[in-house]
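Work through the following exercises with the coordinates open beside you. Each one sets a task and then gives a solution in steps.

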Amino acid sequence: MIDIKLIRQDPDRFKKAAKDKRFTCDIDVLCKLDEQRRSLQRELDQLKHQQNETGSQIALYKNPQGKWYQQALADGKSQTELKAEADKLLEQMTEIKARTKQLETEHREVSEQCDVLLLTVPQPADEGVPVGEDESDNVELRKMGQIPDFDFEPADHVNLMTKLGMLDVERGVKLAGTRNYVLCGEGAALHHAVLQLAMDLMVERGFIRLHVPVLVRDAMMVGTGYYPGGEEQAYRCERDEMSLVGTAEVPLTAYHCDEILREDELPRKYVALSPCFRREAGAAGKDTYGLYRIHAFDKVEQVIVCKNDEEESKRHHAEILQNAEDVLAKLELPYRVVDVCTGDLGQGQVQKFDIETWMPSRNSYGETHSASRFYEFQARRLKMRYRDGQKNIRFCHTLNNTGIASPRVLIALVENHQTADGKIQIPKGLQPYMGGRTVIGGN
RNA sequence: GGAGAGGUGCCGGAGCGGUUGAACGGGACGGUCUCGAAAACCGUUGAACUCUUUGAGUUCCCUGGGUUCGAAUCCCAGCCUCUCCGCCA
């Protein structure tokens with residue numbers, strides 16, 4: 001969420017942001033509503049003040065034991081006179097109250113409209129982020145690792161894994177419909193191995209491991225910026241007003257919502273392994289083959305909550321990006337890092353780096369990681385704050401990145417490390433997580 | 001699922017219709033004392049919003065309604081938490 005004061009100051013900045021990010025939101029209407037809201041509040045505050053004053057005056061008239069009342073009698077007022085004055089005040093009060101009630105209704109309506117609109121305003125991308133329409137305008141920052149040059153016809157991950165008894169798509173679909181799968185034997189082992197490897201690396205680097213709920217209140221989806229707008233992408237339990245998360249980013253980022261932290265508690269670095277659920281609405285017919293686009297998967301997610309300092313945010317961003325790159329290095333996978341363009345950024349993201357890992361069957365790089373920086377966008381929605389050195393209360397900054405997401409990463413892993421005779425070589429870094437084995441298949 | 005209890009400030013815990021934004025205690029912070037520390041003593045210590053912003057005002061004691069001139073305090077609904085019994089991974 002954007003600070004309404006900033007929008008007031010410079011509405012054009014946010015109009016431009018909406019245009020660059022290809023979001024629709026009516027800043028002019030918002031500004032008008034905001035102005036209306038404030039003038040109503042001004043009037044309402046005055047009226048309330050009047051109401052409070054009148055109320056406490058009435059109290060004096062209504063309390064014959066009170067000093068003021070006794071004084072009034074001593075000054076020669078009769079009880080009937082006092083009662084008459086009190087009645088007059090009461091009459092005034094009735095009028096004030098009627099007006100207050102009316103204004104309150106108006107104020108509430110305008111405020112609600114204001115809030116709804118405010119939730120739709122996108123955060124401007126950081127300076128330096130490439131302006132563009134869609135992912136084709138993303139800018140490649142670097143390529144790492146060596147794309148394998150097979151001297152045989154490489155198999156795709158479905159064939160390869162099915163043959164090795166690691167994957168059963170057919171029965172996955174039988175159980176749960178399209179975009180579902182069952183990992184079997186070494187396939188399941190490999191899945192757990194890569195997750196564990198990523199988790200260990202993050203913990204080693206100071207991230208606190210959390211095990212979090214994956215069915216969360218809708219308020220957390222709003223707080224992290226997924227709602228409104230992303231309802232169609234999530235499995236939602238309407239009657240409970242809860243949603244299955246598409247990523248542990250949600251519970252991890254919202255962990256400290258409604259809190260005021262101490263500055264010395266920051267930064268908080270969290271990592272969680274969780275299932276992730278995505279409806280993939282609107283992706284019908286896209287990536288229907290194999291393990292690329294599926295409804296449920298597991299992911300190790302890294303989240304950092306830090307001070308309200310853009311430079312510090314950027315440093316952490318580089319750090320969580322490096323963590324993910326190091327995971328891929330351990331898995332000996334070729335990948336590239338792209339700077340995501342404005343048109344491909346989420347509403348709250350100021351910059352996003354995607355890591356795309358080489359997938360031979362796609363003959364291209366496929367997204368496996370996504371590192372986003374939000375500044376205070378999420379924290380403001382989540383009311384996640386801290387007290388700084390000067391005792392000011394400020395909103396935190398938040399960031400997140402994938403550690404590893406499986407089974408999607410297995411596509412790259414098995415395809416890149418396959419051998420001519422249909423086996424899979426286990427990279428050295430992963431071997432300890434696979435019981436010391438060096439190869440899957442044969443033996 | 002059945003039966004109770006309760007939701008107040010950073011925490012514990014009063015208040016049960018009229019200067020209560022909230023007693024008291026703890027914690028934290030500042031100060032006195034001390035070579036230093038502890039102890040003791042004194043002081044400070046919630047948030048959001050509005051405006052004519054070194055000041056003034058409004059709102060907030062789980063949430064939303066209601067009663068009243070006036071509610072943390074009374075009434076209704078909802079949400080949540082805890083205890084006991086049953087059931088179960």
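**Exercise 1. Count the salt bridges and describe one that involves Arg380.**

Solution. In this predicted model, the count of salt bridges comes to 32 when a side-chain nitrogen of Lys or Arg must lie within 4 Å of a carboxyl oxygen of Asp or Glu. Arg380 pairs with Asp3, and the closest N and O atoms of this pair are 3.4 Å apart. The next step is to place the partners: Arg380 belongs to helix H12 (residues 377-382), whereas Asp3 sits in the segment before helix H1 (4-9), so that distant parts of the chain, 377 residues apart, are linked. Finally, take the accessibilities with the cut-off of under 20% for buried: Arg380 has 15% and counts as buried, and Asp3, with a relative accessible area of 18%, is buried as well.

**Exercise 2. Determine how Arg38 and Asp34 are placed relative to each other along helix H3, and find the network to which they belong.**

Solution. Begin with the contact itself, a salt bridge between the side chains of Arg38 and Asp34 with an N to O distance of 3.7 Å. The two residues are 4 positions apart in helix H3, and therefore about one helical turn separates them. Their accessibilities are then compared with the cut-offs: Arg38 is partly exposed at 26%, while Asp34 is buried at 1%.

A second salt bridge, between the side chains of Asp287 and Arg362, has an N to O distance of 3.4 Å. Asp287 lies in the loop between strand S9 (268-277) and strand S10 (296-306), and Arg362 in the loop between strand S12 (351-359) and strand S13 (364-375), so this pair ties together parts that are 75 residues apart in sequence. Arg362 is partly exposed, at 33% relative accessibility. As for the network, salt bridges with shared partners join Arg8, Asp34, Glu35, Arg37, Arg38 and Arg42.

**Exercise 3. Locate the cis peptide bonds that precede Pro267 and Pro407.**

Solution. The bond joining Leu266 and Pro267 is cis, with omega at about -5 degrees, and Pro267 is placed in the loop between strand S8 (260-262) and S9. The bond joining Ser406 and Pro407 is also cis, with omega at about 15 degrees, and Pro407 is found in the loop between strand S16 (397-406) and helix H13 (408-416).

**Exercise 4. Decide whether Glu280 is buried or exposed, do likewise for Asn363, and state their phi angles.**

Solution. Glu280, although not a glycine, has a positive phi of about 55 degrees, and Asn363, likewise not a glycine, has a positive phi of about 55 degrees. Glu280 lies in the loop between S9 and S10, and Asn363 in the loop between S12 and S13. Glu280 is buried, since its relative accessible area is 14%, whereas Asn363 counts as exposed because its value is 59%.

**Exercise 5. Identify the residues of the negative surface patch and examine Asp137.**

Solution. The patch is formed by Glu133, Asp134, Glu135, Asp137 and Glu367. Asp137 is placed in the loop between helix H5 (79-118) and strand S1 (139-144), and at 31% relative accessibility this residue counts as partly exposed.

**Exercise 6. Check the confidence of the prediction.**

Solution. Chain A has a mean pLDDT of 92, and 99% of its residues reach 70 or more. The scores of the model are ipTM 0.85 and pTM 0.92.

Terms used. Residues are numbered from 1 along each chain as its sequence is written. Chains are lettered from A and ligands numbered from 1 in the order in which they are written. This is a predicted model: local features need pLDDT of at least 70, side-chain atom pairs count only at pLDDT 80 or more; totals for chains, interfaces and linings use all residues. Side-chain values use heavy atoms; hydrogens and water are left out. Patches are made of residues with over 30% relative accessible area and no salt bridge: like charges are joined within 9 Å, nonpolar side chains (Val, Leu, Ile, Met, Phe, Trp, Tyr) within 5 Å. Accessible areas come from the Shrake-Rupley method with a 1.4 Å probe; for residues, only the protein chains shown count as cover. Lys and Arg count as positive and Asp and Glu as negative; His and the chain ends are not counted. The place of a charge is taken as NZ of Lys, CZ of Arg, CG of Asp or CD of Glu. Buried means under 20% relative accessible area, exposed over 50%, partly exposed in between (1.4 Å probe, protein chains only). pLDDT is the predictor's confidence in each residue, from 0 to 100.
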